[in-house]
Amino acid sequence: TGYTTIDQGFVNTSSTQSKITYIDGEKGILRYRGYSIEDVATNSTYLEAAFLLIYGNLPTADELGEFDEKIRRHTLLHEDLRRFFDGLPSSAHPMSVLSSAVSALSTYYEESSSVHDREQVEISTIRLLAKLPVIAAYAHKKSLGQAFLYPDNSLSFVDNFLKLNFGTMAEPYEVNPVVSKALDRLLILHEDHEQNASTSTVRLVGSTQANIFSSISAGINALYGPLHGGANEAVLKMLGEIKESGESVEKFVERVKNKEHGVKLMGFGHRVYKNFDPRAKLVKESADEVLTALGVQDPLLDIAKELEAVALADDYFIERKLYPNVDFYTGVIYKAMGFPPRMFTVLFAIGRLPGWIAHWREMNEDTNTKIGRPQQLYIGEPARDWPVR
Ligand code: CMC
């Protein structure tokens with residue numbers, strides 16, 4: 001009644017104003033709070049970029065030290081929450097484990113339902129940043145049937161995360177600095193991307209004044225899908241299938257173009273980028289660097305490069321402005337680092353967490369925020385008389 005326009009998939013609807021991230025999809029520009037993604041990725045760390053996104057400016061050395069210290073102090077999970085994992089099957093996808101455990105976090109911090117209490121928002125921010133990597137590592141350990149380690153707060157954010165994933169109770173664990181640096185950089189590249197599906201989900205749920213844990217748990221579920229963050233896992237599956245089948249890259253691309261059984265070139269295409277994805281450029285550089293530094297030779301990287309070259313020279317992809325996105329090369333790197341494919345989207349979630357938090361807080365602080373409530377165009381039955389039975 002009265003609503004005549006539909007914007008399927010919100011391709012042309014702004015749901016909010018925002019000061020956090022700027023994207024120019026035609027020119028391939030991405031900026032966090034005004035700083036180019038190239039600068040942030042080269043000069044910053046995950047935690048510094050998180051501070052920038054959440055609080056609006058780069059931290060001073062003291063501010064960053066304090067932020068880091070606070071996060072280190074909150075890494076422990078409640079012992080009961082550690083046992084929460086016992087109730088889940090080891091076959092569970094780590095993304096389902098992650099969203100469930102983040103949702104469960106709110107049961108330990110019910111005070112977080114005071115969504116306009118600044119102190120609560122602040123402590124919840126710290127708790128989320130500190131605990132999500134621990135939950136993620138436990139999801140990984142659970143799938144391997146290995147004992148969970150306690151966090152080691154003497155280590156940096158990324159090193160602690162690596163130890164929780166790859167350390168065991170039996171042996172001391174040495175962090176490989178190449179892996180640590182590369183993972184930090186990849187996480188930075190994922191930190192924010194304005195109103196993507198998961199961030200919009202976080203904002204929509206948050207607009208009901210649901211607490212930040214519930215809102216972010218919903219965002220994790222939105223990220224799980226293969227058209228969004230799940231694409232990194234799907235890319236590796238696609239590359240593996242091409243290798244196993246022995247099918248040529250050209251043949252595979254032909255099948256994509258013929259839309260055979262809905263087969264897509266995963267890791268290609270983007271709603272906003274119509275020239276190139278600046279994150280993909282940086283990731284591709286990292287892929288070569290990391291694999292070389294680790295002495296890994298992965299035929300899947302060769303297949304990915306061949307796929308990219310064939311697709312970029314093909315009219316189908318040129319006409320539709322389809323380019324590799326951030327997910328195209330990340331999986332090959334994560335694999336070289338030792339992560340199983342099912343952890344790839346979890347890594348994306350850790351990366352995106354500061355962005356989700358920044359958006360939830362921006363939405364929550366804006367006195368003009370209204371509950372998100374789209375309209376529809378009803379195309380069902382007109383009024384009907386109830387049948388006499
Ligand atoms: N392979 C083959 N064809 C494609 C692809 C692809 N990856 N992406 C889009 N197209 C085609 C699509 O079929 C359509 O063709 P036609 O005009 O003949 O119907 C045309 O290109 C326009 O695509 P669209 O689906 O209308 O574009 P969208 O903006 O709605 O979707 C997308 C964007 C990212 C969901 C889509 O490109 C896609 O499914 N890509 C593969 C999944 C993927 O890599 N997702 C990660 C996105 S980046 C990181 C993130 O957000 O998580």
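**Exercise 1.** In this predicted model, determine how many helices and strands the protein chain has, and assess its compactness from the radius of gyration.

*Solution.* Begin with the secondary structure of the protein chain, which comes to 17 helices and three strands. Next, take the radius of gyration, which is 22 Å, and set it beside the 21 Å that the globule rule gives for 389 residues; the two values are close, so the chain is as compact as a globular protein of that length. Then turn to the C-alpha trace, which spans about 70 × 55 × 50 Å along its principal axes. Finally, consider the interior, where buried residues account for 42% of the 389 residues.

**Exercise 2.** Describe how the protein chain is divided into domains and which elements of domain 1 touch domain 2.

*Solution.* First, locate the bounds: domain 1 covers 18–225 + 342–365, while domain 2 covers 231–337. The centres of the two domains, taken over C-alpha atoms, are separated by 26 Å, and their contact takes 23 residues from domain 1 and 23 residues from domain 2. On the side of domain 1 that touches domain 2, β2 (29–32), α1 (37–43), α8 (177–189) and α17 (344–365) each supply at least two residues, with α8 giving the most, namely seven residues. Lastly, sort the residues of that side by character, which yields 14 nonpolar, four polar and five charged.

**Exercise 3.** Characterise the shell of residues around the ligand.

*Solution.* Start with the count, since 20 residues surround the ligand, the closest being Ala231, Lys264, Gly269, Arg271 and Asn325. Then divide the shell by character, which gives eight nonpolar, eight polar and four charged residues.

Technical notes: Residues numbered from 1 in each chain as written. Predicted model: local features only at pLDDT ≥ 70, side-chain atom pairs only at ≥ 80, totals over all residues. Near = placed C-beta within 6 Å. Nonpolar A, V, L, I, M, F, W, Y, C, P; charged D, E, K, R; others polar. Helix = DSSP H or I, 4+ residues; strand = E, 2+ residues; numbered from the N terminus. Rg over C-alpha atoms; globule rule 2.2 N^0.38 Å. Buried ≥ 20, exposed ≤ 12 C-beta atoms within 10 Å, placed from the backbone. Domains from an automatic or database assignment. Contact = placed C-beta atoms within 7 Å.
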